[in-house]
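Visitor: I would like a close look at a single part of this structure, taken slowly. Please keep to what can be read from the coordinates.

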Amino acid sequence: MRRIFNMGIEHKKARWGWFFVIPSLAFFAVFSFYPIMNAFYTSLFRKRLLDLRPPKFIGFANYEYLLKSPDFWNSVKATFIFTLGTFIPIVVFSLLLAVFIMSRRRFHKFFQMAYYSPAVLSSVVAAAIWLLIFDPRGLANTTMNTLLGTVGKDYKWLATSGMVRLSTILVYFWKYIGYFTIIFITGLASIPQSLHEAARIDGANGWKDFWHITLPLLKPTTVLVSIMSMLQCLKTFSTQYLFTQSGAPTEPINVITLNIYNTAIRDHNIGRASAMSIILFGIMLFFTWLQFRVSKSGGEVDY
Amino acid sequence: MNRRLVLVLLIVLLSLSLVFANTIELEFWTHEDPNRTPLEERFIEEFQEMYPNVVIKRVTQSSSKIQELILTAFAANQGPDIFNMSIEDEFAYIANGRVAPVDYEAAGYKDMEDLLASYLPGTLDPVDYEGEIYGLPLEITNWCILLNKKVFRDAGLDPEIDYPKTWEEMMEVSEKLTIREGEIITRRGFDFRYPYYLVAFMPLVEQMGGKLVSDDGKTAIINDEAWLNFLDYMAAWGPNGRNLGSPTYKNARSLFNMDNNDIGMCTTGLYQLARIKADNPEFYDSGEFMVVPFPQFEDAVNYVPAHYYGHYYMVNSQKPKENQEMAWKFVSYMLSHAEEYLEKVAIIIPTNELLESETFKNYPYSDVFISDLEKSTVVYFSESSAKIQSLIKEAVESVMLSGTSSRDALDTLRRKVQEVLDDQY
């Protein structure tokens, strides 16, 4: 009792800090850390989902197999094409949309809600809606034919390699652009108005204000959005799954997560699927670290 | 007074615990089929009346979802007591010891010979493993061609005479039936059932003498010429060829029932008739559809109709013996209503009794289906059949949609299927 009484205020704060953090740490340990460790352990075994025999330890053979497998490298390629094709436009356009919405005096809330609404839909529902749109007789072909003045042209949204990749990117872009726009809006709102006013007084026009005041001060939000959107893209699954179930060719959109699912559920090969999960985890970890490194290279901005 | 109350309470508690201790709860997981549900729910009620200590819980999901649920439940050693799925997916459960052999006595048979003698020869072969039978068939299904007579007449054809007998004719007839707006097809003459490559596409290869796997099961892709002809045919069928259909259009079988002038023919089983009756009774009563045999290639070296597949009821081997015994009793009770299954669901439980019955003989187009079934062989099944099917899908899609040459697609298919065969352990 005396010891507690004698503790400094910082110590007391730290104790309460631990008290509040422990539930989330426990949650992370049970639902994230343990599955990661378990997946790594499983990846070292030849293990089939239905096999009642004890799994056979094979060391890193699953990793060795994957690194030599053209299928796995195709999945890596499909994942990177999708990620680059989606997260860069998402970061750029969500920032532009956020600036656009913040500059509006009217319909501010309406725009926020309108852009955010697709994010509320489940990925499966979103993909199902877009499947109807991409049907050869659907809205996508009709719109393109009207816009480009073509008659009865089938743009093969779900058929050719390039188009099916573009279609998955469009679905994801549509679904998540609003979500990241809201995050940017929060970031923009946290920049003190006095800084913009000071810049205007010093003669800065709108572009200079955006480039020299808004963008540098928005750097933490931009880093957050780019990391979150990149991770989200690397984990993409539902759109590709539903598209391939509906007749789209698998190879161009066989992203790593889809390959993991098929290896585990269709082929029952949980050992190899776990190895793929660990590699994906490594990729995500590496690119997150890389983004942090790159973002820190310019130093912190403060006015 | 208090003593009496305690005594009464003790007796009540004891009898309740005895009741619960003797209750057998059976989990029965199956795929959704709106026509089967009321029938099987009635069977459950009747069975529970016959065996008051049994509680049966029937769980349904879509046919693709139920496979995942059953697999993950078994992986966690929490599988249901009774389940069914197609034999291509079910075989892995037998091979891995996850299901129990039929309890002949509980199922109402003297022994295995008695059981085999009750069914159409060959229909229990897929579940005959190491001298035991591991499942009882809910349905044995083969596919023929369902044809909309109105669409034929609209294109100036006589359905009774002009229906396609060969795959070459199928292409020509489909061309006549197809309506397009530019490149976009608004009415297909015929289209394949794309996810089912082992059931409905392999016969095309086999008609020309090709095989998926050698007889010893060690070599993938036999007879390149047959495979190349097949892949060329599919490329010609697709949007980059004669543009007659594609996997990206809504599946033909679902559209057929609506009779909306958007599909002329589709591949399907007898069960489709019950679904037409349920979905569109007017179309069913109009008699404006007919069933014709599965086409053959003009230069076919083998007569191969669509492969038949079976949905077999299986019982979880990890459940207690009393559950297994009761599960087989219940399965047998359901299957003893084969004529009702035919009349209400249009599925064939291949018992000799049903096949010889007037109900079966008088059922519309049962003669066409049974004629093809007699010439048909069971679909390819192994522990890796789902993967192999997806590899054939990739090959067909690549020639139809991505413009890959048949030779390149075949070489890739061979490499991948061979890898699967080599990897089986």
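Visitor: What area is buried between chain B and chain A, and what percentage of that area do carbon and sulfur atoms give?

Guide: The model is a predicted one, and in it the area buried between chain B and chain A comes to about 3300 Å², with carbon and sulfur atoms giving 50% of that figure. In terms of residues, 39 from chain B are in contact with 39 from chain A. Between the two chains there are four salt bridges, one of which links B:D423 to A:R272, where the closest N and O atoms lie 3.6 Å apart; a salt bridge is counted here when a side-chain nitrogen of Lys or Arg is within 4 Å of a carboxyl oxygen of Asp or Glu, so the pair B:D423 and A:R272 qualifies. Polar contacts add a further view of this interface, with a count of 14 residue pairs in which both residues are at pLDDT 80 or more.

On the side of chain B that touches chain A, at least two residues each are supplied by the helices α3 (63–75), α4 (87–95), α20 (385–400) and α21 (406–423), and likewise by the strand β9 (184–191). Of these elements, α20(B) provides the largest share, namely six residues. Sorted by character, the residues on the side of chain B that touches chain A comprise 14 nonpolar, 11 polar and 14 charged.

How values were computed. Residues are numbered from 1 along each chain as its sequence is written. Chains are lettered from A and ligands numbered from 1 in the order in which they are written. This is a predicted model: local features need pLDDT of at least 70, side-chain atom pairs count only at pLDDT 80 or more; totals for chains, interfaces and linings use all residues. Side-chain values use heavy atoms; hydrogens and water are left out. Contact means heavy atoms within 4.5 Å. Buried area is the accessible area (1.4 Å probe) that two parts lose on being put together, summed over both. A polar contact is a pair of N or O atoms within 3.5 Å; within protein, one must be able to donate a hydrogen and the other to accept it, and residues adjacent in sequence count only if both atoms are side-chain atoms. Helices (H or I, at least four residues) and strands (E, at least two) are DSSP runs, numbered from the N terminus. Ala, Val, Leu, Ile, Met, Phe, Trp, Tyr, Cys and Pro count as nonpolar, Asp, Glu, Lys and Arg as charged, and the others, Gly among them, as polar.
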